[in-house]
Amino acid sequence: MEGKISVVIHTFNSERFLDRVLSSVKNFDEIIVCDMYSTDRTLEIAQKYNCGIVYHEKCEVPEPARNFAIQSASNEWVLVVDSDEIVPEALRRYLYGRIKEKTDLQGLWLTRKNYILGHFLHSEYPDRILRFFRKDNACWPPYVHTLPRVDGRVERIPERRKELALVHLANSSVSETIQKINTYSDNEVSKRAGQKFSAWKIFAATFFRFFKSYVIKGGFRDGKAGIVIAGTDAFYKFATIAKVWENEVRREDIDRSLLR
């Protein structure tokens, strides 16, 4: 419906933060929870807030469920929120104010505050994410760490407006971060099918990822947390390229076996 906003959230065993997340979005016009068959209290919490609930098969990355949730929304505008992100009241008012303006706006890049080791990451702010758009003009590709494709004019919320930033509640341990790296880099292999990476590339790309996070983005200001996030960022790149190589070797082995 015109001038209204649907919030969509994908969930799987998301009870840890979900109550706080849903409380922060309860004043939007609609909340759609796309659940991947949780076995904890996720659905009980969603029902407490009268959410619309749809189901999607369990997948290792959130993008397919996100796209399904978006298509299940009934309003013109969609705000995509993770099950560990708080939407400030200031952001809610800002979004409604923007869509009341009669412009050709089709989407907004939001900002997000991230934490690790209990420390706010200056190097990760503003962490731009495209999560607010007109439903009919957007589609989310089913690959990890992709962005929605939005047709038309897209703007950015000013970086200085820190009160409008989503708050990322997850303060992942190093162990949890490494587990995510393993899962997400697996999905990167199909996303990067056909790309070639030389031995030089794995060193250069990994070094640059660390340098970008720690130096260019100012991770050195975050002390030990800055070193950890720069190191895990670099390792993500290393693992992705290594797995692409591994996949190529397996294909070559299959090809050789067919010629015997």
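These legends go with a few views of a predicted model.

**View 1. The whole chain, with its seven helices and 14 strands.**
Start here to get your bearings. The radius of gyration comes out at 20 Å, close to the 18 Å that the globule rule gives for 260 residues, so the chain is as compact as a globular protein of that length. Along the principal axes, the C-alpha atoms fill a box of roughly 60 × 45 × 40 Å. Take the contacts with a separation of 6 or more: 73% of them join residues 24 or more positions apart.

**View 2. A close-up of helix H3, residues 63-72.**
Look for the buried residues of this helix: Glu63, Ala65, Arg66, Asn67, Ala69 and Ile70. They pack against five named strands: E1 (5-11), E2 (30-35), E4 (77-80), E10 (129-134) and E11 (138-139). Zooming back out, buried residues make up 49% of the 260 in the chain.

**View 3. An open sheet of three strands, in the order E5-E14-E7.**
The pairing here is mixed. Strands E5 (85-86) and E7 (112-113) sit at the edges, each pairing on one side only. E5 and E14 (residues 166-168) run antiparallel and pair over two bridges. To find the spot, pick out Glu85, which stands opposite His168 in E14.

**View 4. The surface and the charges of the chain.**
About 13,500 Å² of the chain is exposed, and carbon and sulfur atoms supply 53% of that area. As for charge, the chain carries 41 positive and 35 negative ones, and the mean positions of the two sets are 5 Å apart.

Note on methods:
Residues numbered from 1 in each chain as written. Predicted model: local features only at pLDDT ≥ 70, side-chain atom pairs only at ≥ 80, totals over all residues. Heavy atoms only, no water. Pairing = 2+ DSSP bridges. Helix = DSSP H or I, 4+ residues; strand = E, 2+ residues; numbered from the N terminus. Buried < 20%, exposed > 50% of the residue type's maximum accessible area, 1.4 Å probe, protein only. Contact = heavy atoms within 4.5 Å. Rg over C-alpha atoms; globule rule 2.2 N^0.38 Å. Areas by Shrake-Rupley, 256 points an atom, 1.4 Å probe, with all protein chains shown as cover. Lys, Arg positive; Asp, Glu negative; His and termini not counted. Charge placed at Lys NZ, Arg CZ, Asp CG, Glu CD.
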